[in-house]
Amino acid sequence: MERIEVLKTYKLYIGGQFPRTESGRYYPLLNSKKQTLANISLASRKDYRNAVVAARGAFGGWSSKTAFNRGQILYRIAEMMEGRKMQFVDELMVQGISKSNAVKEVQTSIDRMVYYSGWCDKFQQCFSAVNPVSSSHFNFSVPEPMGVVAAISGNSSSLLGLISIIAPVIAGGNTIVVLASEKYPLCGVTFAEVLATSDLPGGVVNILTGKSSEIHSHMASHMDVNALLYCGDDKAEIKTISELAALNVKRVFVRSEKKLEKDEHENPYYIMDFQEIKTTWHPIERVGGGSGNY
Amino acid sequence: MNQKENRISKTEKKLENVSKTVFKDWKYAPSPESTEHVKIAPRYDLFINGKFVKPESKKYFDTVSPSTEKKLSEIAEAGEKDVDKAVSAAKNAYDKTWRKIPAKERAKYIYRIARMIQERAREFAVIETMDGGKPIRESRDIDVPLAANHFFYYAGWADKLDYAFPKTNPRPLGVAGQIIPWNFPLLMAAWKIAPALATGNTVVLKPAESTPLTALKLAELIQDSGLPEGVVNIVTGFGKTGAAIVNHPNVNKVAFTGSTDVGKIIQKAVAGTSKKITLELGGKAANIVFDDAPIDQAVEGIVNGIFFNQGHVCCAGSRLFVQENIAANLIEKLKERMESLIVGDPLDKNTDIGAINSKEQLLKIQEYISIGINEGAEIHQSSCALPNKGFFCKPTLFLNTSQSHRIVTEEIFGPVLAVQTFRTIEEVIEKANNIPYGLSAGVWTDKGSKIFHLTSKMRAGVVWANTYNKFDPASPFGGYKESGFGREGGLHGLSAYLTI
Amino acid sequence: MGISYFDDTPHVDQVGVEERIARFSTRSIKKTSKMQALKLALNMIDLTTLEGKDTPGKVNQMCYKAMHVCNQLPELPTVAAVCVYPNHVKTARKALNGTEIKVAAVATAFPSGNSTSSIKLEDTQFAVSEGAHEIDMVISRGEFLRGNYNFVFDEIAAIKDACGKARLKVILETGELSTLDNVRKASDLAIQAGADFIKTSTGKIQPAATMPVTLVMLQAIKDHYKKTGKMVGMKPAGGISTAKVAINYLVMLHETLGDSWMTNEWFRFGASSLANDLLMQIGKEQHGIYQSKDYFSND
């Protein structure tokens, strides 16, 4: 008799844990033959709230890790992805992607993670400034992470879109709650397993599955979220989240998932979208030789 | 010996008498800045497409001096049609001239504006003070020079943008709709117009209704500068005029400085459009003084933090945190220093604190003062006498406050300081950040390592360490959280006006 | 460990001090307040000659000027004092006999202060015995800078004893102290050791008196007064040669220590060329026309 396969339960990833949705709801993910591939957790606004609490809790620690250390952790994530390459490929294929495209997507995803890993301790150097003010002050501007970012993935991919959202946000020291692609949710959950076994502290990345139509407005209105990233293409949803963002002056970014595989998605300005610029002033004492030659 | 001693004491007595007669109650005699060389027209129209044109609305409103309550001029109120004309002029200028002018040449127009402001600096300073009530010392030494410098700084960027944003091919956005507040009327116009022009955009700017004069004077100057018609348009009016700009479909960029409440309305209004937006909103900054601070300079920093420009400053250091072990000494010094602040005629060169910008604002401040009293905070005001006419407010402290007081968490936008004490660094970091705003913060300590720890923990866009309320065209300014987003000033201020 | 003199000595931020100075310097003093200030400044001057080539003749001429700053202008006060080397005290006392003008003597191996304690004491005792009303001593900057604060303190205290009834002005020679933090420390030290006045400079070292240095010293005086109720005087010396700058100093004094200090009992200008510039300004205020140096005596 053929061995019975052990099927995987797809759950949410919140604060480093894999809870089922508190709502107990799910939606069936079907393949092209209308067969159920998995029962996907249908995250509720309360799951989102819990994820934001986890993300906020993780922000202090993650943002104050050394930039070099963040780089190492992102690189470690890439290493773990490499080890699970075949699993991602299989999952992409059951979601209807051809083998060659699946392999390409997984490779690009891993490389993209490596790309942003490298930026962790470099973008600050490119985007900081020492400002030559006209008074006796030392004045410099540096990027600092915004805080908690909420993101909604589009439906153009299962893995690469998610990686392209998460990597620049966490490379910059933010924490994130991301709603995985509604249509292709499987890799998101597997990616969460990668994160759970990497050195990434719990709560830095929180991955929900579910329907954007159901929770986008709650994601946009939450008062403890600093910024939103929307990668879908629903104009009405864009308008709604942009309006609700005004409740606490969230920064909103809408990004296209077109040509995700292209290098233009490897871009330090995507890190900078989720950075604040902080400018610091301090007097410079000028005594003795201060005004003379040296 | 006795004789000698006698003579010494006699001499001393005589000398003392001489001094006292020479010098009894030295007060600074009035020293008003002359207004003779200043021309204010009885009426100002809208500046659209290089010309002053009458408003389609046919409506005018008065602008009054808050220190004398006298009408200075009447100002056109732009309606939707007028805004449409201004936006069309700006779009036309963008499409037909401004975007085609080589960046090098664009720069030279901006340099020219900078120079002309310098040439007419005193006139601008006097008008700013007459219209807005701020002391002439500030308009003369801070607002106007900084405005000119801002144009000068950004002029030089016009042909160097590729170096600011490598590998991006930075491009202008089109028409920038800009709405500015009444606290720094000319300076805010410069903060808005200079980077917009340098990056190749055209402008429709709306000054605040209570302080339109220097922006209109700037329009005259721009006319003189030969800047192509329609590149800068200045439309005056109230909130409705501003809304018409924000909602106009041909506006590609909205830049707003003002209250957080209005900022939220604007953010909502542009939701779902492709308009790029920057907001510079309210604040309630913590100014933190540790026991190892240079205390006399800290007192100056506190005074400068809250009483500069009558406290009408979004980044004002309106929440003072003093380490408990030095609180008594510091507050005594602060109270004494407040006594030496001269409150009165803004045109007098010795005035430190001028008039509150409008009656409405004065009422708001007075309401907050009574809220503070009702909340049980201990009030202290300087003993200065206030002029009989005009809108004035005494420098005010509230002692024994906590984060739970409304006067501590709400932006008053006046010369009112809420004082709290703290014991430890962890405590003060938490309290400083315990607010929806995040524009600025101040830190006073002599210990470098402590400074860097604190400045990195402040969730605020501008942190002044051992100084306060410093501004420079090269220095980016803007907030975290509900204090808005985007930066103005410096290299970082360019991106607000570019597609990168 | 010696005694800590600096428990209450605050740090000083130089840039902040200069910003405060800018505020004093942009005060606009006009009309009656200007006239008052000019006369007061004149009345606060320690007219000074401290040259190797000083002679009785020179001292006598200066003393005459001290008594008659400008006979052509009515209702002028005299200067506060003349300041000379100890060996000219007698000449000055004689010349100023019967006037209100005091005689100050620099002592303690002025200007370097590099000598033995006994010589410094003798120097002081001699000046006092010759009739000096005031002693302007210098501190031992070398000892101060090497951290030998007890030495500096004890020296000041010993000179104070030797002064008897004469008032002691302690010259910090701020131009050699490098930082405002040191100026503040030296001020606190001198005040605690018994100085009646603290004074910026000998006039022999550049920079001499500056407004930032003076402000820091005024703040030390103020803090001491707050703590003990005891007033200490202030004397900026050297480099103040124009009426405009003198008025800036008076504004600073007015806004820092207040009116009780605004007499020559508690504030002096150590200057020689300031008097004539004040006179020219007084002349301008009285006659409404700008003046020339040719019309004011140069003693």
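Here are some exercises with worked solutions on a predicted model.

**Exercise 1. Chain A meets chain B**

Task: Find how many residues each chain brings to the contact between chain A and chain B, and describe the side that belongs to chain A.

Solution:
- Step 1. Start with the counts: chain A brings 28 residues and chain B brings 34 residues.
- Step 2. Now look at which elements of chain A take part. Strand 4 (137-145), helix 9 (235-245) and strand 10 (275-283) each provide at least two residues of the side that touches chain B.
- Step 3. Pick out the main contributor: strand 10 of chain A gives the most, with eight residues.
- Step 4. Sort this side of chain A by class. You should get eleven nonpolar, eleven polar and six charged residues.

**Exercise 2. A strand pair across two chains**

Task: Work out in which sense, parallel or antiparallel, strand 10 of chain A pairs with strand 18 of chain B.

Solution:
- Step 1. Recall the background: strands of a sheet pair through backbone hydrogen bonds, in a parallel or an antiparallel way.
- Step 2. Locate the partner in chain B, where strand 18 covers residues 462-465.
- Step 3. Read off the sense: strand 10 of chain A and strand 18 of chain B are parallel, with three bridges between them.
- Step 4. Find one of the partners. Trp281(A) has Trp464(B) in strand 18 of chain B as its bridge partner.

**Exercise 3. Two domains in chain B**

Task: State where the domains of chain B lie, and describe how domain 1 touches domain 2.

Solution:
- Step 1. Write down the bounds from the domain assignment: domain 1 is 43-281 + 483-499, and domain 2 is 286-472.
- Step 2. Take the centres over C-alpha atoms; those of domain 1 and domain 2 of chain B are 30 Å apart.
- Step 3. Count the residues in contact: 18 come from domain 1 of chain B and 25 from domain 2 of chain B.
- Step 4. On the domain 1 side, helix 4 (121-132) and helix 5 (136-155) of chain B each supply at least two residues. Helix 5 of chain B has the largest share, four residues.
- Step 5. Finish with the classes: the side of domain 1 that touches domain 2 in chain B holds five nonpolar, eight polar and five charged residues.

**Exercise 4. Chain C meets chain B**

Task: Identify which helix of chain C has the largest share of the side that touches chain B.

Solution:
- Step 1. Set the scene: 36 residues of chain C contact 33 residues of chain B.
- Step 2. List helices of chain C that each give at least two residues to this side: helix 1 (14-25), helix 2 (31-43) and helix 10 (243-256).
- Step 3. Choose among them: helix 2 of chain C has the largest share, seven residues.
- Step 4. Check the classes on this side of chain C, which are nine nonpolar, 14 polar and 13 charged.

**Exercise 5. The sheet of chain C**

Task: Give the strand order of the open sheet in chain C and name its edge strands.

Solution:
- Step 1. Trace the eight strands in the order 7-6-5-4-3-2-1-8, with parallel pairing.
- Step 2. Look for strands that pair on one side only: these are strand 7 (233-235) and strand 8 (269-270) of chain C.
- Step 3. Zoom in on one edge. Strand 6 (residues 197-199) and strand 7 of chain C pair over three bridges, and Phe197(C) sits opposite Gly233(C) of strand 7.

**Exercise 6. Unusual backbone, and exposure**

Task: Locate two cis peptide bonds in chain C, then explain why Lys259(A) counts as exposed.

Solution:
- Step 1. Remember what is usual: most peptide bonds are trans, and most residues other than glycine have a negative phi.
- Step 2. One cis bond joins Phe110(C) and Pro111(C), with omega about 0 degrees. Pro111(C) is in the loop between strand 3 (102-107) and helix 5 (117-129) of chain C.
- Step 3. Another cis bond links Gln206(C) to Pro207(C), with omega about -5 degrees. Pro207(C) belongs to the loop between strand 6 and helix 9 (211-228) of chain C.
- Step 4. Turn to Lys259(A), which is not a glycine and has a positive phi near 50 degrees. Lys259(A) lies in the loop between strand 9 (251-254) and helix 10 (268-272) of chain A.
- Step 5. Apply the cut-off: exposed means 12 or fewer other C-beta atoms within 10 Å. Lys259(A) counts as exposed because it has 10 C-beta neighbours inside 10 Å.

Terms used
Residues are numbered from 1 along each chain as its sequence is written. Chains are lettered from A and ligands numbered from 1 in the order in which they are written. This is a predicted model: local features need pLDDT of at least 70, side-chain atom pairs count only at pLDDT 80 or more; totals for chains, interfaces and linings use all residues. Two residues are in contact if their C-beta atoms, placed from the backbone, lie within 7 Å. Ala, Val, Leu, Ile, Met, Phe, Trp, Tyr, Cys and Pro count as nonpolar, Asp, Glu, Lys and Arg as charged, and the others, Gly among them, as polar. Two strands pair if DSSP finds at least two bridges between them. Domain bounds come from an automatic or database domain assignment. A residue is buried if 20 or more other C-beta atoms lie within 10 Å of its own, exposed if 12 or fewer, and partly exposed in between; C-beta atoms are placed from the backbone.
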